[in-house]
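Notebook open, structure loaded. I want to go through the helix packing, then the cysteines, then a few single residues.

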Amino acid sequence: MTGKGTEAIKIEEYFITEEPYYMPVSNEIEVFEAAFKNKLPVMLKGPTGCGKTRFMQYMAWKLKRPLITVSCHDDLTSSDLVGRYLVKGGETIWIDGPLTKAVKVGAICYLDEIVEARKDTTVVIHPLTDDRRVLPIEKRGEILKAPDEFLLSISYNPGYQSVLKDLKHSTRQRFISLNFEYPPRELEIEIVMKESGINKETAGYLVTLAEKIRNLKDKGLDEGTGTRALIYAGTLIQSGISEQQAAEVAMANPITDDSDMLRAIKELITTVF
């Protein structure tokens, strides 16, 4: 094995060239812009499917910065984020991880569902969230200084995590926080119409159903139906699937395996449609 080169970064693929559809609920756009301007890391809190990822895509487009997204999971290690040495063609080369790529090119790095990562992994991001704004790469003996354009953003769902997977206060307090909830009724109807192509009446039925399902959250349901699920249901309806079946496969089946809860949700579907 010879050499210790690095793989070239092809950053063009991380730019979002077309404006993503996003409907603001409050002043989250202005707050995020101010955070970006002042180099403040941002945390997005909210339930699954409420628009956090779409918001990040929209802000990356609006700020004209590349967006590098990492979907965190149980096996995510610090090396997955920072990088590692690999043997390629008889040569040892360094492969940057997504976080290192983002720091080098001044991208927005979005760590989605950060609490799903291993606890020791989150320690890696701490030096990037204070006034140092650096990323130590221990395996290479380097310390990368983040450019002004770099922004770190994370998301998590505080209502869905177990005690063992909650985000440490030492990490949370390093970020400003934007809280995301399901959109108000009329706005959610408009979003579902726009994204799926169905008419206002049908979108209204789907939102009504979602509201009823969300009311079951304190009665044994872990999490309510997100706006994304409504869009999926609307898309199926637009493609010719019946309203009841679309609602069942997109809004009921994915959120629970409990037979009694499924039966209750299916009764709601029958009532609404």
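**Entry 1: H9 against H10.** I listed who touches whom here, keeping in mind that this is a predicted model. From H9, the residues in contact are Ala229, Leu230, Tyr232, Ala233, Leu236 and Ile237. On the H10 side I get Glu243, Ala246, Ala247, Val249, Ala250 and Met251. Sorted by class, the contact of H9 with H10 holds eleven nonpolar residues, no polar ones and one charged one. For the geometry, I noted an angle of about 145° between H9 and H10, with the axes 8 Å apart. Handedness of the H9 and H10 crossing: it comes out right-handed.

**Entry 2: H9 by itself.** Does the end-to-end length of H9 fit what a helix should give, or which way is it off? H9 covers residues 227–238, and at 1.5 Å a residue its twelve residues should span 16 Å; the end C-alpha atoms are 16 Å apart, so the two agree. Next I pulled the buried residues of H9: Thr227, Ala229, Leu230, Ile231, Ala233, Gly234 and Ile237. A reminder to self on spacing: with 3.6 residues a turn, an α-helix has residues three or four places apart pointing the same way. The buried residues of H9 pack against three helices, H7 (185–196), H8 (200–214) and H10 (243–252). Just past the end of H9 sits Gly240, with a positive phi of about 105°.

**Entry 3: H7.** I ran the length check on this helix too. H7 has twelve residues and reaches 16 Å from first C-alpha to last, close to the 16 Å expected at 1.5 Å a residue. Its buried residues are Leu187, Glu188, Ile189, Ile191, Val192 and Ser196. They pack against H8 and H9. After H7 comes Gly197, and its phi is positive, near 90°.

**Entry 4: H8 against H11.** I then took the second helix pair on my list. H8 and H11 (residues 259–272) pack at an angle of about 150°, and their axes are 10 Å apart. Their crossing is right-handed. H8 brings Tyr205, Thr208, Leu209, Lys212 and Ile213 to the contact, while H11 brings Ile265, Leu268, Ile269 and Val272. By class, the contact of H8 with H11 has seven nonpolar residues, one polar and one charged.

**Entry 5: Ala210.** I stayed on H8, where Ala210 has its place. Ala210 counts as buried because its relative accessible area is 0%, against a cut-off of under 20%. Which residues does Ala210 contact, leaving aside neighbours within four places in sequence? I find Leu230 and Met251. I also looked up its distance to Ala229: the two are 19 residues apart along the chain, and their C-alpha atoms are separated by 9.1 Å.

**Entry 6: H4.** A short stop at residues 98–105, which make up H4. Leu99, Thr100, Lys101, Ala102 and Val103 are buried there. H4 is followed by Gly106, with a positive phi near 70°.

**Entry 7: Cysteines.** How many disulfides are there? The count is zero. I checked two of the cysteines to see why. The sulfur of Cys50 has its closest cysteine sulfur in Cys72, 16 Å away, and that is too far for a bond because a disulfide needs the pair within 2.5 Å. For Cys109 the closest cysteine sulfur is again in Cys72, at 8.7 Å, so this is too far for a bond as well. As for exposure, Cys50 is buried at a relative accessible area of 9%, and Cys109 is buried at 0%.

**Entry 8: Ile95.** Is Ile95 buried or exposed? Its relative accessibility is 17%, so it counts as buried. Ile95 lies in strand E5 (residues 91–96). I compared its position with Ile9: they are 86 residues apart in sequence and 9.5 Å apart in space, C-alpha to C-alpha.

**Entry 9: Whole chain.** I finished with the totals. The protein chain has eleven helices and ten strands. Its C-alpha trace spans about 65 × 40 × 35 Å along the principal axes. Of its 273 residues, 47% count as buried. Among contacts between residues at least 6 apart in sequence, 73% join residues at least 24 apart.

Terms used: Residues are numbered from 1 along each chain as its sequence is written. This is a predicted model: local features need pLDDT of at least 70, side-chain atom pairs count only at pLDDT 80 or more; totals for chains, interfaces and linings use all residues. Side-chain values use heavy atoms; hydrogens and water are left out. Helices (H or I, at least four residues) and strands (E, at least two) are DSSP runs, numbered from the N terminus. The expected span of a helix is 1.5 Å times one less than its number of residues. Buried means under 20% relative accessible area, exposed over 50%, partly exposed in between (1.4 Å probe, protein chains only). Contact means heavy atoms within 4.5 Å. Axes are lines fitted to C-alpha atoms, for helices over the stretch in contact, and angles run from 0 to 180 degrees between N-to-C directions. A crossing is left-handed if the near helix is turned anticlockwise from the far one by less than a right angle, and right-handed if clockwise. Ala, Val, Leu, Ile, Met, Phe, Trp, Tyr, Cys and Pro count as nonpolar, Asp, Glu, Lys and Arg as charged, and the others, Gly among them, as polar.
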